[in-house]
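Me: I have a structure open and would like to talk it through. Could we start with its interior and then turn to its charged pairs?

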Amino acid sequence: MSILITICARGGSKGIPGKNIKMLNGKPLIFYSLHTADKFAQEVTGVDIVLSTDDEEIKNTVSTLGFNVDTEYTRPEFLASDTAGKIDAIQDVLSYFEQKNNKKYEYVIDLDVTSPLRTVSDLQEAFLLLRNDPNAYNIFSVSPANRNPYFNMVEENENGYYATCKQGSFLTRQSAPKVYDMNASFYIYSASFFENQLKKAITEKSLIYEVPHLCFDLDHPIDFLMMSFLMENNKLDFLL
């Protein structure tokens, strides 16, 4: 088994400045993803962990945390802009590490720094689902959606009026097809994903892992305040 865990954390966050190393419950935000990666690596053989960043302050912070993570790679500037795709950034660090270590990785696990509410058990269960389906390209974490495009989400039609995003005769949200929010916590890719040069995480052969506890990502300052409150007051019903 050969698995590469990528921790992608570019500098220059605009929504929450310095987000990746902003203190959350007494530790830099990136600590929680490194901690989960480290625990996973202790239980599964053949795991390497690499940091992908363009930012020296993030590198220095990670170096002080004491985890066994490779910080030598520097993400190229063209992959660190607001418009650069994350898949391209993962592909670049994967190619770098495969060349550096002279081996091919069978799986890549990407832990999103800005969505840290995941456990090692989540990763293990999702990883097993992907391994049990050799045709699948990848699996990503989701949470049940609060709204449903068949029932209470609308979009403008060509006449300027509004209708549900997806058509159906459902009178309650519960009777409509179940939909999910991608919570961005983690993505696990098989080697075939990159061999087929896919560019989006959602493919025709993607699986989902429904996270069985609270999980959300940090897009806005209010998200950070909410997560800080939950962690500082022991309101999470699971251990990170």
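Reply: The following exchange covers the nonpolar cores and then the salt bridges of this predicted model.

Me: How many residues does the largest nonpolar core have?

Reply: That core has 47 residues, and Ile5, Ile7, Ile30 and Phe40 have the most contacts inside it.

Me: And which helix gives the most to this core?

Reply: Helix H1 gives the most, with 7 residues. Other elements that each supply at least two residues include strand E1 (3-8), strand E4 (47-52) and helix H6 (221-232).

Me: What is Ile7 in contact with, leaving aside neighbours within four places in sequence?

Reply: Its contacts include Ile30, Leu34 and Ala37, as well as Ile49, Leu51 and Leu111. Apart from the largest core lies another one of 20 residues, among them Val50, Val108, Tyr137 and Tyr189.

Me: Changing topic: how many salt bridges does the structure hold?

Reply: The structure holds 9 salt bridges. In one of them, the side chains of Lys100 and Glu72 meet at 3.7 Å, N to O.

Me: Why does that pair tie together separate parts?

Reply: Lys100 lies in helix H3 and Glu72 in the loop between H2 and H3, so the salt bridge joins parts that are 28 residues apart in sequence. Asp70 is linked with Glu72 and Lys100 in a network of salt bridges.

Me: Is Glu72 buried or exposed?

Reply: Glu72 is exposed, with a relative accessible area of 53%, whereas Lys100 counts as partly exposed at 37%.

Me: What about Asp88 and Lys199?

Reply: Their side chains meet in a salt bridge of 3.0 Å, N to O. The two residues are 111 residues apart, with Asp88 in helix H3 and Lys199 in the loop between helix H5 and strand E10.

Technical notes. Residues are numbered from 1 along each chain as its sequence is written. This is a predicted model: local features need pLDDT of at least 70, side-chain atom pairs count only at pLDDT 80 or more; totals for chains, interfaces and linings use all residues. Side-chain values use heavy atoms; hydrogens and water are left out. A nonpolar core is a set of buried Ala, Val, Leu, Ile, Met, Phe, Trp, Tyr and Cys residues joined through side-chain atoms within 4.5 Å. Buried means under 20% relative accessible area, exposed over 50%, partly exposed in between (1.4 Å probe, protein chains only). Helices (H or I, at least four residues) and strands (E, at least two) are DSSP runs, numbered from the N terminus. Contact means heavy atoms within 4.5 Å. A salt bridge is a side-chain nitrogen of Lys or Arg within 4 Å of a carboxyl oxygen of Asp or Glu.
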